[in-house]
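Biologist: Could you take me through one helix of this model in close detail, and then carry on to the other places that deserve a careful look? I have the sequence and the structure open beside me.

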Amino acid sequence: MAGTMLIGGEWVTSVSGNTQDVINPATAEAFTYVPSANMEDVDKAVAAARMAFRNPKWSQMRPSHRQRALLKLADLLESNIDEFAELESLDNGKPVMMANRVDVRSSIDYLRYIAGWATKMEGRTVDVSFPRPRDGGGYFAYTAQEPVGVVGAIIPWNFPLNMAVWKIGPALATGCTIVLKPASETPLTALRLGELILEAGFPEGVVNIITGSGSVVGAAISSHPDIDKIAFTGSTEVGRAVGIAAMKNITRVSLELGGKSPVLVFDDADLDAAIAGATSAIFFNQGQACTAGSRLYVQRSVFDQVIEGVAARAANMKIGPGLDPTTQMGPLVSQRQRQSVCNYIEKGKKQGAAVLTGGSCPDSPGYFLQPTILTGMPQASDVVQEEIFGPVLVAMPFDEVEEAVSLANDSPYGLASSIWSNDHKKIHRVIPDLQAGTVWVNCHNLLDPNLPFGGNKLSGFGREMGRAVLDLYTETKSVLMAV
Ligand code: TAP
């Protein structure tokens with residue numbers, strides 16, 4: 001299948017015949033290639049999705065059959081866990097053990113969860129206040145949830161399979177059809193998932209997976225007049241452009257964007273747990289997680305103890321190729337990403353940061369980078385305010401609860417946050433004041449299929465997962481009948 005993508009149930013090359021290389025981040029070498037699509041390919045994919053949306057094979061498919069097909073897809077993925085984990089590791093650089101335990105298994109769980117919703121969609125009967133007609137009749141009003149239609153989905157490279165499943169799953173459960181564009185760095189698991197989708201029995205054109213650059217394919221999807229809903233996950237900068245393009249056609253849009261999530265450690269916390277939690281909050285997935293706990297605020301009396309504990313753990317992490325099963329931290333996804341993270345480290349130093357651990361930028365062919373902790377910089381500095389999206393933690397002390405909350409909220413982002421404390425009064429005082437879509441208490445980075453997930457402020461809007469995701473993929477029809 002090398003060099004092909006999925007349109008209308010067929011594996012096809014791009015219309016232009018152009019391709020783009022896929023690079024192994026551990027070696028910096030190209031190991032395969034995929035089509036580099038253009039607007040013509042996007043038009044074909046959208047037309048295939050529109051035809052599939054109208055096709056009775058899909059539009060009349062019973063909800064229980066949609067559910068069964070999604071469950072079959074989950075089973076097929078489960079039978080191929082090792083292959084998917086290796087592919088994800090090769091493509092993205094992440095440790096294969098993590099890809100196996102987190103990326104692939106949570107994708108299977110999510111498919112099983114969302115499959116259940118296919119048979120649980122419902123509307124409501126609604127009381128209306130019109131006067132009853134004299135002849136004794138009345139009015140009957142109800143709502144129905146209908147699929148929005150053709151979904152255009154654009155996803156990033158940090159959790160490629162998870163992100164594909166987060167878009168494809170609810171689209172299929174609700175009866176939509178979809179055109180999905182994976183990130184250029186990591187197209188492989190989405191394409192392989194496409195093969196399983198056909199094997200699971202979804203009709204041709206229901207799912208289309210199209211590869212190519214964001215500036216061409218992503219932009220064509222965002223501005224396509226025959227797409228009914230755009231689901232985007234990625235950077236705030238691109239998300240803004242996608243939202244503006246979608247709005248020109250008044251296309252529904254949901255945006256899951258960046259983050260700069262604070263981790264608040266109070267002096268009454270279980271400090272061993274907080275140290276372990278703060279370390280994995282930032283260094284999980286090489287720091288390339290939108291929810292990464294990238295700002296660590298620690299109460300002053302325990303500040304030194306906590307940051308030294310985190311630094312000791314960080315310095316001991318085993319860095320290596322993702323495919324080595326003993327690796328704890330793989331390479332970053334690309335040379336561009338490593339350079340961007342290194343630029344931030346240098347900028348941080350210039351703006352007054354001291355390096356507690358890491359801090360140097362190696363020149364290795366693979367895109368490896370040591371975990372880095374910076375201290376002593378002002379709250380207004382770029383490394384505290386901007387999303388770095390790499391293994392860089394900024395750590396700062398605070399004195400009072402109010403100060404911790406105000407520092408946590410002093411960010412343009414509002415995706416997630418965590419509180420580490422054993423004082424329940426304090427915890428409940430802080431939770432409502434934190435400007436974040438998710439608040440974790442004594443844990444971080446835990447996502448559950450049944451718990452809505454999404455951001456506030458520059459982290460975007462719309463909630464994926466849980467029942468909330470159904471609102472993104474359905475439209476309410478109101479019916480009023482005179483009877
Ligand atoms: P982006 O550069 O924003 O890329 C995301 C996707 O958008 C890619 O598929 C990209 O295609 C495409 N794209 C690029 N330019 C485009 C354009 N002009 N129009 C339409 N699409 C375009 O982000 P990234 O570097 O891949 O991912 C990292 C970012 O994603 C971080 O900021 C991170 O916080 C965020 N993220 C957020 C979440 C949630 S849930 N909030 C989850 C994961 C990641 P190409 O790959 O071809 O450039």
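Modeller: Let's take helix α7, residues 188-199, in this predicted model. With 12 residues at 1.5 Å a residue, α7 should span 16 Å, and its end C-alpha atoms are 17 Å apart, so the expected and computed spans agree. How many of the residues of α7 are buried? The helix is mostly covered, with 9 of its 12 residues buried. Those buried residues are Leu188, Thr189, Ala190, Leu191, Arg192, Leu193, Gly194, Leu196 and Ile197. When you look along the helix, keep in mind that an α-helix has 3.6 residues a turn, so residues three or four places apart point the same way. After α7 comes Gly201, with a positive phi near 100°.

You can run the same length check on helix α5, residues 96-117. Its 22 residues should span 32 Å at 1.5 Å a residue; the end C-alpha atoms are 31 Å apart, and so the two values agree here too. α5 does bend, by about 25° at Arg105.

Gly201 leads us to backbone angles elsewhere. Most residues other than glycine have a negative phi, and most peptide bonds are trans. Ile250 is not a glycine, yet its phi is positive, near 50°. You will find Ile250 in the loop between α9 (236-248) and β11 (252-256). Is Ile250 buried or exposed? Its relative accessible area is 67%, over the 50% cut-off, so Ile250 counts as exposed.

Asn285 is another non-glycine residue with a positive phi, in this case about 60°. The loop that holds Asn285 runs between α10 (271-283) and β13 (295-299). Asn285 has a relative accessible area of 1%, which is under 20% and therefore makes it buried.

Now for the empty space inside. Rolling a probe the size of a water molecule over the atoms shows where empty space is left. In this structure there are 2 cavities of 30 Å³ or more. The largest has a volume of about 90 Å³. Its lining is made up of 17 residues, and the closest to the centre are Pro262, Ala408, Tyr413, Ala416 and Gln435. At least two lining residues come from each of α14 (401-409), β17 (413-414) and β18 (416-420). Sorted by class, the lining of the largest cavity has 7 nonpolar, 7 polar and 3 charged residues.

The second largest cavity has a volume of about 60 Å³. Which residues line the second largest cavity? They are Gly259, Lys260, Ile282, Gly287, Ala289, Cys290, Ala292, Ser294, Glu387, Ile388, Phe389 and Gly390. This lining divides into 6 nonpolar, 4 polar and 2 charged residues.

One more side chain is worth a visit: His444, in the loop between β19 (438-441) and β20 (456-457). Its relative accessible area is 9%, and because that is under 20%, His444 is buried. What does the side chain of His444 meet there? A polar atom of this side chain lies 2.9 Å from the backbone oxygen of Thr291. The side chain of His444 is also joined to the side chain of Ser418 by a polar contact of 2.8 Å.

Note on methods: Residues are numbered from 1 along each chain as its sequence is written. This is a predicted model: local features need pLDDT of at least 70, side-chain atom pairs count only at pLDDT 80 or more; totals for chains, interfaces and linings use all residues. Side-chain values use heavy atoms; hydrogens and water are left out. Helices (H or I, at least four residues) and strands (E, at least two) are DSSP runs, numbered from the N terminus. The expected span of a helix is 1.5 Å times one less than its number of residues. The bend at a residue is the angle between axes fitted to the seven residues ending there and the seven starting there. On a 1 Å grid over the protein atoms alone, a cavity is a set of points where a 1.4 Å probe fits but cannot get out, and a pocket is an open set with protein on both sides within 12 Å along at least five of seven lines; lining residues have an atom within 4 Å of a point. Grid points are joined across faces, edges and corners, and a volume is the space filled by probe spheres set on the points. Ala, Val, Leu, Ile, Met, Phe, Trp, Tyr, Cys and Pro count as nonpolar, Asp, Glu, Lys and Arg as charged, and the others, Gly among them, as polar. Buried means under 20% relative accessible area, exposed over 50%, partly exposed in between (1.4 Å probe, protein chains only). A polar contact is a pair of N or O atoms within 3.5 Å; within protein, one must be able to donate a hydrogen and the other to accept it, and residues adjacent in sequence count only if both atoms are side-chain atoms.
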